[in-house]
Amino acid sequence: MSLTNRINDEFSDYTALAISVDKKSHNYTVSIVSSKQIPENFYEWNISIDIYNSKTMTWINSLSEVLNGWRGGDESVICGGALYFLLYSTGAGISDNRHGLIKYNLSNHSSHGLLSNFIPAPWYLTSVRLMNLNEKLVMVGGIGKDERPDR
């Protein structure tokens with residue numbers, strides 16, 4: 001197997017990293033949200049969430065799910081015990097929304113389907129960033145024009 005095939009088989013197309021530190025105990029949580037295109041199908045993407053807990057010093061694969069019409073990106077944040085990350089429409093015609101946010105509860109690792117926790121973005125977004133401001137989720141970025149083809 002060539003190096004190119006090995007890299008494509010093992011690594012994601014998009015990855016979002018988030019870290020949260022408990023101020024009292026100094027324990028921390030690291031989350032990695034990976035998004036990999038299903039081969040030969042631009043509309044289906046495998047989303048995987050891996051979580052590291054410094055207290056137990058363990059990694060777990062908390063979730064792996066194939067989404068139709070959505071892919072992950074490179075923005076995520078941990079806030080109030082939940083992982084938030086952006087989803088981008090792949091244009092499969094499933095939704096009028098071009099962007100959305102997923103809220104994933106880190107304490108119970110619920111696997112009821114990621115899209116059941118989908119929060120639609122109210123506008124077309126550009127250059128979005130997610131931040132934790134005193135345990136409140138803050139999203140900043142630009143508002144795009146809906147008539148542009150690159151929206």
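How many bridges join E6 to strand E7, and in which sense do the two strands run? This question opens a set of exercises on a predicted model, and it is taken up in Exercise 2, after a look at the whole chain.

**Exercise 1. Describe the overall make-up of the protein chain, and state what share of its residues is buried.**

Solution. Begin with the secondary structure, which comes to one helix and 10 strands. Next, follow the elements from the N terminus on, where the order reads α-β-β-β-β-β-β-β-β-β-β. Finally, turn to burial, for which the cut-off is a relative accessible area under 20%: of the 151 residues of the protein chain, 32% count as buried.

**Exercise 2. Work out how strand E6 is paired on either hand and how well it is covered.**

Solution. As a starting point, recall that strands of a sheet pair through backbone hydrogen bonds, either parallel or antiparallel.

Step one answers the opening question: seven bridges join E6 to strand E7, which covers residues 99–105, and the two run antiparallel. Within this pairing, Leu83 has Tyr104 of E7 as its bridge partner.

Step two looks at the pairing of E6 with strand E5 (residues 70–79), which is also made in the antiparallel sense and extends over seven bridges. Here Leu83 in E6 stands opposite Ile78. The hairpin of E5 and E6 has two residues between the strands, and in this hairpin Gly80 takes a positive phi near 60°.

Step three concerns the cover of E6, which spans residues 82–89 and has eight of its eight residues buried. In a regular strand the side chains alternate between the two faces of the sheet. For E6, one side carries Ala82, Tyr84, Leu86 and Tyr88, while the other carries Leu83, Phe85, Leu87 and Ser89, and both faces are covered, since all of these residues are buried.

**Exercise 3. Give the strand order of the open sheet that holds E1, and explain why one side of E1 and of E4 is left without a neighbour.**

Solution. The open sheet is formed by four strands in the order E1-E2-E3-E4, with antiparallel pairing. Strand E1 (14–21) and strand E4 (58–68) stand at the edges and have a single partner strand each, so one side of each lacks a neighbour in the sheet. From one strand to the next, the twist averages 15°. To look inside the sheet, take strand E2 (residues 28–38) and strand E3 (residues 41–53), which run antiparallel and are joined by 10 bridges; across this pairing, Ile32 stands opposite Asp50 in E3.

**Exercise 4. Find which residues make the nonpolar surface patch, and which strand gives the most to the patch.**

Solution. The patch measures about 380 Å² and is made by Leu17, Ile19, Val21 and Tyr28. E1 gives the most, with three residues, whereas Tyr28 lies in strand E2. Tyr28 has a relative accessibility of 34% and therefore counts as partly exposed.

**Exercise 5. Classify the geometry of two aromatic pairs, Phe42 with Trp45 and Tyr52 with Trp59.**

Solution. A pair of aromatic rings is described by the distance of the centres and the angle of the planes. The count comes to six aromatic pairs.

For Phe42 and Trp45, the centres lie 6.0 Å apart and the planes meet at 80°. Because an angle over 60 degrees counts as edge-to-face, the pair of Phe42 and Trp45 is edge-to-face. Phe42 is partly exposed at 44% relative accessible area, while Trp45 is buried at 2%.

For Tyr52 and Trp59, the distance is 5.3 Å centre to centre and the angle between the planes is 50°, and this pair is tilted. Tyr52 is buried, with a relative accessible area of 15%, and Trp59 is partly exposed, with 48%.

As a last step, note that Phe42 and Trp45 also belong to one aromatic cluster together with Tyr14 and Tyr43.

**Exercise 6. Locate Met57 and Glu135, and say what sign phi takes in each.**

Solution. Most residues other than glycine have a negative phi, and most peptide bonds are trans. Met57, however, has a positive phi near 55°; Met57 is found in the loop between E3 and E4 and counts as exposed, because its relative accessibility is 64%. Glu135 also has a positive phi, of about 65°, although it is not a glycine. Glu135 lies in the loop between strand E9 (125–133) and strand E10 (136–143), and with a relative accessible area of 48% Glu135 is partly exposed.

How values were computed: Residues are numbered from 1 along each chain as its sequence is written. This is a predicted model: local features need pLDDT of at least 70, side-chain atom pairs count only at pLDDT 80 or more; totals for chains, interfaces and linings use all residues. Side-chain values use heavy atoms; hydrogens and water are left out. Two strands pair if DSSP finds at least two bridges between them. Axes are lines fitted to C-alpha atoms, for helices over the stretch in contact, and angles run from 0 to 180 degrees between N-to-C directions. Buried means under 20% relative accessible area, exposed over 50%, partly exposed in between (1.4 Å probe, protein chains only). Patches are made of residues with over 30% relative accessible area and no salt bridge: like charges are joined within 9 Å, nonpolar side chains (Val, Leu, Ile, Met, Phe, Trp, Tyr) within 5 Å. Accessible areas come from the Shrake-Rupley method with a 1.4 Å probe; for residues, only the protein chains shown count as cover. A salt bridge is a side-chain nitrogen of Lys or Arg within 4 Å of a carboxyl oxygen of Asp or Glu. Rings of Phe, Tyr and Trp (its six-membered ring) pair if their centres lie within 6.5 Å; planes under 30 degrees apart count as stacked, over 60 as edge-to-face and the rest as tilted.
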